[in-house]
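Grab your viewer and work through the exercises below. Each one sets a task and then walks through a solution.

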Amino acid sequence: MSAFKSSWSFGASTLVKAALAATISIASLAVSAQTIVMSSTTSTEQSGLFSYLLPEFKKASGIDIKVVALGTGQALDMARRGDADVVFVHDQVAEEKFVAEGFGLKRLPVMYNDFVLIGPKADPLGTKGNDIAVALKKISATNGSFISRGDKSGTHAAELRFWKLADLADKKGSGYKECGCGMGPALNIAASSGAYVLADRGTWLNFKNRADLAVLVEGDKRLFNQYGVMVVNPARHPQVKLAEAQKFVDWVVSPAGQNAIAAYKIGGEQLFFPNAAR
């Protein structure tokens, strides 16, 4: 009898453990299903926008988002490999190419801000104004110190467009240096060396280590900086969490998401301007 009890007890214990393991496994799968990966830019991360925006989305949906912040080119490459469910970046030409190649579903505009030229307050090269091409010509002519991100980001792509606009694509001057880094580190280098640098306004407003840097060129309509969002195409990568990713896209372009973007401010200044309904 005792042997039977012992055997039964052992069997019951095994069944309980198996049931518990199955429950944990199911729970883990449920948690996993409620978490998606977003490849995005350093500007959306370093501006502090996602720290404000994503908790709002989780409250509305119950879905967590893990952000991998890279330059836009790297963020798109990550999505091409199927390592992200959704992409939130700011290089419209590259985004449209990504969709045309079949890696992403429909691209939707989300918000905009602008690029600004940052440099020493004293502005020794006389760049201050509202014409980015004129400013870059002065930097080139004097071999002024200019820090480029050099990382195939949206900001880097914009910067190269502006040099080309000024007919200086191959004549940036000997003071031109590429750091191969994000927006925050590029600003840190400029702050420590008294250099000029192109930045998105959002990261600049959230940047604390300014030293004697200031905004020198702004207001040029060519400095417009548009952000877009896309779900990664599950036809290319079946592991993409389509339903959850689409929920984020639908939310961020909805009135609720657009209002949340507009509400994010630093020192009373709005960093991004929603324009999904344009």
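Before we start, a definition: helices (H or I, at least four residues) and strands (E, at least two) are DSSP runs, numbered from the N terminus. Keep in mind too that this is a predicted model.

**Exercise 1. Work out which way helix H3 faces, and what comes just after H3.**

Step 1. Start with the helix itself: H3 runs over residues 49-61, so it has 13 residues. From its first C-alpha to its last, H3 reaches 18 Å, close to the 18 Å expected at 1.5 Å a residue.

Step 2. Pick out the buried residues, taking under 20% relative accessible area as the cut-off. In H3 these are Leu49, Phe50, Leu53, Leu54 and Phe57.

Step 3. Check how they are spread around the axis. They cover an arc of only 95 degrees, which puts them on the same side of H3. The general background is that an α-helix has 3.6 residues a turn, so residues three or four places apart point the same way.

Step 4. Now flip to the other side of H3, where Ser51 and Lys59 are exposed.

Step 5. Step off the end: just after H3, Gly62 takes a positive phi of about 80 degrees.

**Exercise 2. Do the same job on helix H8.**

Step 1. H8 covers residues 183-193, and its buried residues are Met183, Gly184, Ala186, Leu187, Ala190 and Ala191.

Step 2. Their arc around the axis is only 160 degrees, which puts them on the same side of H8.

Step 3. Look just after H8 as well: Gly194 has a positive phi there, about 70 degrees.

**Exercise 3. Find the residues other than glycine with a positive phi at Lys152 and Ala211, and say where they sit.**

Step 1. Take Lys152, whose phi is near 60 degrees. Lys152 belongs to the loop between E5 and H7. With 67% relative accessibility, Lys152 counts as exposed.

Step 2. Move on to Ala211, which has a positive phi of about 50 degrees although it is not a glycine. You'll find Ala211 in the loop between helix H9 (201-206) and strand E8 (213-217).

Step 3. Test Ala211 against the cut-off for exposed, over 50%. Its relative accessible area is 56%, so Ala211 is exposed.

**Exercise 4. Characterise the disulfide: which cysteines form it, and what is its handedness?**

Step 1. Look at the sulfur atoms. Those of Cys179 and Cys181 are 2.0 Å apart. A pair within 2.5 Å counts as a disulfide, so Cys179 and Cys181 form one. The count for the structure comes to one disulfide.

Step 2. Read off the torsion about the S-S bond: about -80 degrees, so the disulfide is left-handed.

Step 3. Compare the accessibility of the two partners. Cys179 comes out at 26% and is partly exposed, whereas Cys181 comes out at 14% and is buried.

**Exercise 5. Describe the largest cavity and who lines it.**

Step 1. The structure holds one cavity of 30 Å³ or more. About 40 Å³ of space lies in the largest cavity.

Step 2. List the lining: Phe146, Ile147, Ser148, Arg149, Thr155, His156, Glu159, Val197 and Leu198.

Step 3. Map those residues onto elements. Strand E5 (146-148), helix H7 (154-165) and strand E7 (196-200) each supply at least two of them.

Step 4. Sort by class, and you get four nonpolar, three polar and two charged residues.

**Exercise 6. Repeat the analysis for the largest pocket, and name the element that gives the most to its lining.**

Step 1. The largest pocket has about 170 Å³ of space.

Step 2. His90, Asp91, Gln92, Val93, Phe115, Arg161, Phe224, Asn225 and Gln226 line the largest pocket. Helix H5 (92-100) and strand E9 (224-231) are the elements that give two or more residues.

Step 3. E9 gives the most to this lining, with three residues.

Step 4. By class, the lining of the largest pocket splits into three nonpolar, four polar and two charged residues.

**Exercise 7. Decide whether Ala166 is buried or exposed, and place Ala166 relative to Lys137.**

Step 1. Ala166 lies in the loop between H7 and strand E6 (176-178).

Step 2. Relative accessibility is 3%, so Ala166 counts as buried.

Step 3. Ala166 and Lys137 are 29 residues apart in sequence, and their C-alpha atoms are 6.6 Å apart in space.

Technical notes
Residues numbered from 1 in each chain as written. Predicted model: local features only at pLDDT ≥ 70, side-chain atom pairs only at ≥ 80, totals over all residues. Heavy atoms only, no water. 1 Å grid on protein atoms, 1.4 Å probe; cavity = no way out; pocket = protein on both sides within 12 Å on 5 of 7 lines; lining within 4 Å. Points joined across faces, edges and corners; volume = space filled by probe spheres on them. Nonpolar A, V, L, I, M, F, W, Y, C, P; charged D, E, K, R; others polar. Buried < 20%, exposed > 50% of the residue type's maximum accessible area, 1.4 Å probe, protein only. Expected span 1.5 Å × (residues − 1). Arc of directions from axis to C-beta.
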